[in-house]
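I am opening a notebook on a structure that is new to me, and I want to write down what I look up in the order in which I look it up.

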Amino acid sequence: MENTGIPGAETSGSIQLNPIGIVRNQVHETVWGPELKALSWQSRVQRMRDQKCSVSEIVINPELEEMLDGVEEFSHIIVLFWSHLVPEEKCRQAKVHPQGNMDFPEVGVFATHSPVRPNRILVTEVQLLERRGNILTVTGLDAVDGSPVLDIKSYMPVQISGEIKMPDWYRKMQQVFA
């Protein structure tokens with residue numbers, strides 16, 4: 001075990017995750033791939049918005065169906081999934097221009113929602129439309145068809161006290177989403 005200098009935070013060299021299901025939808029093209037480099041950042045954000053409006057199914061492994069009991073009582077859930085189409089060499093990239101916009105400052109990957117990160121874990125809050133057995137129908141999922149699902153959590157809004165701080169580039173990007 002590696003000692004990080006933080007009491008109780010020893011780490012091992014690896015962690016094994018097993019998918020609990022898979023995403024099924026009509027999205028087969030990533031919003032960040034090389035074929036989209038010619039698009040403006042606004043167009044890439046628009047594609048992300050369009051993708052988030054589409055309907056997806058999350059097919060949970062049948063042996064885990066019982067774990068979904070009660071999830072239909074929630075209007076929204078949180079989905080953690082694996083960005084399986086990111087090439088391994090991209091996962092070592094430390095900094096990015098958000099949305100590929102060179103007018104935005106280059107920032108560390110952890111300051112963004114980029115799928116290019118050391119661990120390809122992505123998270124999205126989605127609206128749960130329906131549960132049919134082990135299949136959840138949702139909108140708002142920004143995963144591509146075939147993305148492995150790692151976990152699902154119920155969404156519970158939390159009051160955040162105080163003012164929320166974010167950089168100007170992020171506010172500009174959010175204006176395109178609005």
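The entries below go from the overall fold to single strands, and then to side-chain pairs.

**Entry 1: the overall picture**

I noted before anything else that this is a predicted model, and I read every value below as computed from it. I looked up the secondary structure and found two helices and eight strands in the protein. Reading from the N terminus on, I wrote the order of the elements as β-α-β-β-β-β-β-β-β-α. I also checked burial over the whole protein, and buried residues make up 36% of its 178 residues.

**Entry 2: the barrel**

In what order do the strands of the closed barrel run? I traced six strands as β1-β2-β7-β6-β3-β8, with antiparallel pairing. From one strand to the next, the twist averages 45°.

**Entry 3: strand β7 and its two neighbours**

I then turned to β7, which covers residues 135-139 and is joined by five bridges to β2, residues 55-60, with the two strands running antiparallel. Within this pairing I picked out S56, whose bridge partner in β7 is V138. With β6, the pairing of β7 is again in the antiparallel sense and extends over five bridges, and here I found R132 standing opposite I135 of β7. The hairpin of β6 and β7 has two residues between the strands, and in it G133 takes a positive phi near 65°.

Is β7 enclosed or open to the outside? Five of its five residues are buried, so I recorded β7 as largely enclosed by the rest of the structure. Both faces of the strand are covered, since I135, T137 and T139 on one side are buried, as are L136 and V138 on the other.

**Entry 4: the aromatic pairs**

I searched for paired rings next, and the count comes to two aromatic pairs. In one of them F104 and W169 are tilted, with 6.0 Å from centre to centre and 45° between the planes. Why does this pair tie together separate parts of the chain? F104 lies in the loop between β4 (95-96) and β5 (107-108), whereas W169 lies in helix α2 (residues 168-177), so the pair joins parts that are 65 residues apart in sequence. I checked the burial of both partners, and F104 and W169 are both buried.

W169 also pairs with Y170, and this pair is edge-to-face, at 5.8 Å centre to centre and with 80° between the planes. For W169 I noted a relative accessible area of 8%, which counts as buried, while Y170 at 21% relative accessibility counts as partly exposed. Taken together, the ring pairs link F104, W169 and Y170 into a cluster.

**Entry 5: the salt bridges**

Side chains of opposite charge can pair when their charged atoms come close, and I therefore looked for such pairs next. The count comes to nine salt bridges.

I began with D145 and R24, whose closest N and O atoms are 3.6 Å apart. D145 is in the loop between β7 and β8 (148-154) and R24 is in strand β1 (residues 21-24), so this salt bridge ties together parts that are 121 residues apart in sequence. D145 is partly exposed, with a relative accessible area of 22%, and R24 is partly exposed as well, at 39%.

I then followed R131, which forms a salt bridge with E72 at 3.1 Å between the closest N and O atoms. This pair links distant parts of the chain, with R131 in strand β6 and E72 in the loop between β2 and β3 (76-82), 59 residues apart. E72 counts as partly exposed at 40% relative accessibility. I also saw that R131 and E72 belong to a network of salt bridges in which E65 and D69 are linked too.

Another salt bridge that I noted is the one where the side chains of E130 and R132 meet, at 3.1 Å from N to O. Here E130 is partly exposed at 37% relative accessibility, and R132 is partly exposed at 36%.

**Entry 6: a nonpolar patch on the surface**

Last, I asked which residues form a nonpolar patch on the surface. I15, L17 and I121 do, with about 310 Å² of accessible area together. I placed I121 in strand β6, residues 121-132, and noted that I121 counts as partly exposed at 34% relative accessibility.

Notes. Residues numbered from 1 in each chain as written. Predicted model: local features only at pLDDT ≥ 70, side-chain atom pairs only at ≥ 80, totals over all residues. Heavy atoms only, no water. Phe/Tyr/Trp six-rings, centres within 6.5 Å; stacked < 30°, edge-to-face > 60°. Helix = DSSP H or I, 4+ residues; strand = E, 2+ residues; numbered from the N terminus. Buried < 20%, exposed > 50% of the residue type's maximum accessible area, 1.4 Å probe, protein only. Pairing = 2+ DSSP bridges. Axes fitted to C-alpha atoms, helices over the stretch in contact; angles between N-to-C directions. Patch = residues over 30% accessible without salt bridge, like charges linked within 9 Å, V, L, I, M, F, W, Y side chains within 5 Å. Areas by Shrake-Rupley, 256 points an atom, 1.4 Å probe, with all protein chains shown as cover. Salt bridge = Lys/Arg side-chain N within 4 Å of Asp/Glu carboxyl O.
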